[in-house]
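Colleague: I'm new to this one and would like a close look at a single part of it. Could you pick a pair of packed helices and walk me through them, with a bit of the surroundings?

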Amino acid sequence: MNIHFWGVRGSIPSPLTPGQIKAKISTVLQRATPEDVVNDESRERFLASLPRWVYGTVGGNTACVELVADKGTKLIFDAGSGIRVMGILSAPPEDFHYHMLFSHFHWDHIQGLPFFGQAYNPRAVFDVYSPYPDMEKYLVDQMTSPYFPVPFSGLSKNFVFHVIKTEEPFEIDGLKVACTEMFHPGKSFSYRVEETCADGTKKAFVYSTDVELGEKDFVKTPEAARVFENADVLVLDSQYTVEELHRKPNWGHSAFCYAIDFAAVWNIKHLYLFHHEPTYDDRKIDSIYESAKWYANYSTNNTVSVHVAVEGQSVII
């Protein structure tokens, strides 16, 4: 199972600003010495020594995560602006069959679909899954005039919509899928995908974005356990710092420390902080990551491995 991040930001696309790029260049120049540029080896060593926030970026595209099962089945979680890049860089399935699962239909999670090249391919087939009965209407509406020049009818004719129920797990090409409702304005749904390996072992991935964690999420109900318990990888909304979360109650997002506590309760192996706040630059997000690692070590004795979701990153389960 291969997980690839095509968009990791929340709320609105947030490309690097000229000021942020200038700050990165300034930091590099301040750190460089004549010995660092003597030859290719010294330059590579110097670049490797730079802080993460200087050397790269978490990315600015909104939510889109791709899952490719061992047998080649391709699932897409949400269609934020990251799906445009996916359409350019990710090879389509051999049979051009995509499975799309939507957490919810706020604009930052659907705005990339009209720019997804494969959506216009008449050979491509899209099975779309969500507990929202009106999902087709929501996708159609964002492509109506005057908001977009091409109507939804201009896409592939092979869009099939499936209304799913949280109490009824289902299968996609042999993959077991379960979902559960989470707290977010207008509702949001988390998904678990479980694959059985050739040797009989199982591996599980959970996508859980736009979630404001509360006490009820730590209660081990059967429905929640079906989705979260013992997952190998959990991608979880961690948009805010604790201070900002307290200033924005009921906005529908979480902070890293609550995400780590949640992962520990549900025996998650790897937690990926996701749906990054658009006003946070790479330096801020890196500082949150350092705090998250310290907190995970303090509160869970490193039983939960914490990572930051980065655009372009792949994770093998």
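Modeller: Here is a walk from the whole chain to one helix pair, and then out to a few other spots.

Keep in mind that this is a predicted model. The protein chain has nine helices and 14 strands. Its C-alpha trace spans about 60 × 45 × 45 Å along the principal axes. A compact globule with 317 residues would have a radius of gyration near 20 Å, and the chain has 20 Å, so the two agree. Buried residues make up 53% of the 317. Take the contacts with a separation of 6 or more: 72% of them join residues 24 or more positions apart.

Now for the pair. Two packed helices are described by the angle between their axes and the distance between the axes. Here the partners are α8, residues 256-265, and α9, residues 282-300. They pack at an angle of about 35°, and their axes are 10 Å apart. The crossing of α8 past α9 is right-handed.

Which residues of α8 and α9 meet? On the α8 side they are F256, C257, I260, D261 and A264. On the α9 side you'll find I288, S291, A292, Y295, A296, S299 and T300. Sorted by type, the residues of this contact come out as eight nonpolar, three polar and one charged.

Let's stay with α8 for a moment. Its buried residues are F256, C257, A259, I260, F262 and A263. What do they pack against? Helix α9 is one partner, and the others are α6 (222-228), β11 (233-237), α7 (242-247), β12 (270-274) and β13 (305-308). Just after α8 comes N267, which takes a positive phi of about 60°.

Over on the other helix, T300 is worth a stop. T300 sits in α9, and is it buried or exposed? The cut-off for buried is under 20% relative accessible area. T300 has 8%, so it counts as buried. Leaving out residues up to four places away in sequence, T300 touches I260, A264 and Y295. Two of those names, I260 and A264, you've already met on the α8 side of the contact.

Next, the nonpolar cores. The largest one has 57 residues, and F5, L67, F77, M100, F126, F205 and F274 are those with the most contacts inside it. Apart from it lies another core of 37 residues, and I288 is among them, along with V206, L236 and Y240. You'll recognise I288 from the α9 side of the helix contact. Back in the largest core, M100 is in contact with I76, A79, I83, L113, F126, D127, V128, Y129 and F159, leaving aside its neighbours within four places in sequence.

Two last stops. G7 lies in strand β1, residues 2-7, and is buried, with a relative accessible area of 0%. Not counting residues up to four places away in sequence, G7 touches N61, T62, A63, C64, G82, F274 and E311. Q111 is in the loop between β4 (97-101) and β5 (125-130). Q111 has a relative accessible area of 15% and is buried too. With the same residues up to four places away left out, Q111 touches P13, T62, A79, G80, S81 and Q142. From Q111 to L139 is 28 residues in sequence and 9.0 Å in space, C-alpha to C-alpha.

Methods
Residues are numbered from 1 along each chain as its sequence is written. This is a predicted model: local features need pLDDT of at least 70, side-chain atom pairs count only at pLDDT 80 or more; totals for chains, interfaces and linings use all residues. Side-chain values use heavy atoms; hydrogens and water are left out. A nonpolar core is a set of buried Ala, Val, Leu, Ile, Met, Phe, Trp, Tyr and Cys residues joined through side-chain atoms within 4.5 Å. Buried means under 20% relative accessible area, exposed over 50%, partly exposed in between (1.4 Å probe, protein chains only). Contact means heavy atoms within 4.5 Å. Axes are lines fitted to C-alpha atoms, for helices over the stretch in contact, and angles run from 0 to 180 degrees between N-to-C directions. Helices (H or I, at least four residues) and strands (E, at least two) are DSSP runs, numbered from the N terminus. A crossing is left-handed if the near helix is turned anticlockwise from the far one by less than a right angle, and right-handed if clockwise. Ala, Val, Leu, Ile, Met, Phe, Trp, Tyr, Cys and Pro count as nonpolar, Asp, Glu, Lys and Arg as charged, and the others, Gly among them, as polar. The radius of gyration is taken over C-alpha atoms; the globule rule is 2.2 Å times the number of residues to the power 0.38.
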